[in-house]
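Ready for some practice in reading a protein structure? Work through the exercises below with the model open beside you, and try each task before you read its solution.

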Amino acid sequence: MADEILKTDIKGMLPRELEEYLRALGQPAYRAKQVFSWLQKGCGSFEEMSNLPAALRRTLSENCHLYAPTVARKQISAQDGTIKYLWELYDGQAVETVVMRYRHGNTVCISTQVGCRQGCAFCASTIGGLVRNLRASEILDEVLFSEKDSGLPISNIVLMGIGEPLDNYDEVLRFLELINCPEGRNIGMRHISLSTCGITERLDDLAARDLQLTLSVSLHAPDDATRSRIMPANRGRGVDELFRKCSAYYEKTGRRISFEYAMIDGVNDSAEQAELLARRVKPLSAHVNLIPLNHVDERHFSPSTPENMRRFVEILEKNGVNVTVRRRLGSDVDASCGQLRRKSMEGKI
Ligand code: SAH
């Protein structure tokens, strides 16, 4: 397996890179199209690529890494049909992916890292820290194999599973290019949301790419004292800096930002915090998505009371903020926001 890691990750190659790679092996240009199409179908071995010459199949299997993740566990919500997959990766690690059915189409929520090092105090994904980044090809596999296994055509993607996407920036951007490829799944950027806890140093880089995706920022508190307490990523960065970067992002891309806000009883749900939040998001014409805090065994926070949620919404609305309360999908199979977690196959979950 150590050798596997050193091999070329062929599924992570963009069409132009694949063409170059195969040209160097003396292959005609159309080969790249054939191979790319097999890879995008979720083909798990070169042997299955029946329209390739046998010698090429042999060369590729000697030099390239190709793996199809296997379903270690599949749970289906009795409430709403949400499906949660646990995928076993090539090295025995495992990540979760969720498929949600909405009226406007099926959405897949994908992980970007095995674990997470951001340490948010209310989230299950960070328990146990970061093990490794996912490769672009592994992130792509989450989409390809969820679609293949569930039989549900995927039209929207949210990078809101395990991990911090901007902490695995290069592989995540490569994934976005791959999934957006006209020769491949061809999912438009407007159908993709990327969520971040606010790695401000990366927001300028992302803005410079001017992608038409939706940027979601996990805010969860409008003041530094609260935010730094529950989100270590805020320490040394700060809410002012985050909003400066968000404004620059909005100016550059023209895309409205969506702020995620998990309502935690007695922590971030006061009337003053609602007023401050409104003042901060108003100049950005941003959207606020309130999420009643989801239960995580190891964490000791509670969701806000319905009265406090109502008051919070009212204050935001009174200030002209565009606000929605997120529906909880798949909570009976722990598939809701912040409930996904890394698992290791050795411990057998
Ligand atoms: N690391 C990225 C991507 C994860 S997205 C980010 O932080 O944005 C998962 C979303 O669920 C984030 O908005 C996260 O803050 C939120 N979340 C985490 N734990 C939660 C919980 N217990 N209840 C509700 N939302 C939670």
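**Exercise 1. Find which residues come nearest to the ligand in this predicted model.**

Solution. Start with the shell: 20 residues surround the ligand, and the nearest are Phe122, Ser195, Ser218, His220 and Asn294. Next, sort the shell by class, which gives 10 nonpolar, 8 polar and 2 charged residues.

**Exercise 2. Describe the polar contacts of the ligand with Glu164, His220 and Asn294.**

Solution. Remember that a polar contact needs two N or O atoms within 3.5 Å.
- Step 1: the side chain of Glu164 has an N or O atom 3.0 Å from a nitrogen atom of the ligand.
- Step 2: for His220, a polar side-chain atom is 2.5 Å from an oxygen atom of the ligand.
- Step 3: Asn294 uses its backbone, with an N or O atom 2.8 Å from a nitrogen atom of the ligand.

Now look at the cover: of the 540 Å² that the ligand exposes when taken alone, the protein buries 95%. Two elements, β10 (192-196) and β12 (258-263), each give two or more residues to the shell around the ligand.

**Exercise 3. Count the disulfides, and explain why Cys116 does not bond to Cys197.**

Solution. A disulfide covalently joins the sulfur atoms of two cysteines. The count here is 0. The closest cysteine sulfur to that of Cys116 belongs to Cys197, and it is 6.6 Å away, so the two are too far apart for a bond. Cys116 is also buried, at 9% relative accessible area. Cys123 is in no disulfide either: its nearest cysteine sulfur, in Cys120, is 6.2 Å away. Cys123 counts as buried because its relative accessible area is 16%, and the cut-off is under 20%.

Key: Residues numbered from 1 in each chain as written. Predicted model: local features only at pLDDT ≥ 70, side-chain atom pairs only at ≥ 80, totals over all residues. Heavy atoms only, no water. Near = heavy atom within 4 Å. Polar contact = N/O pair within 3.5 Å; in protein donor to acceptor, adjacent residues only side chain to side chain. Areas by Shrake-Rupley, 256 points an atom, 1.4 Å probe, with all protein chains shown as cover. Helix = DSSP H or I, 4+ residues; strand = E, 2+ residues; numbered from the N terminus. Nonpolar A, V, L, I, M, F, W, Y, C, P; charged D, E, K, R; others polar. Disulfide = S-S within 2.5 Å. Buried < 20%, exposed > 50% of the residue type's maximum accessible area, 1.4 Å probe, protein only.
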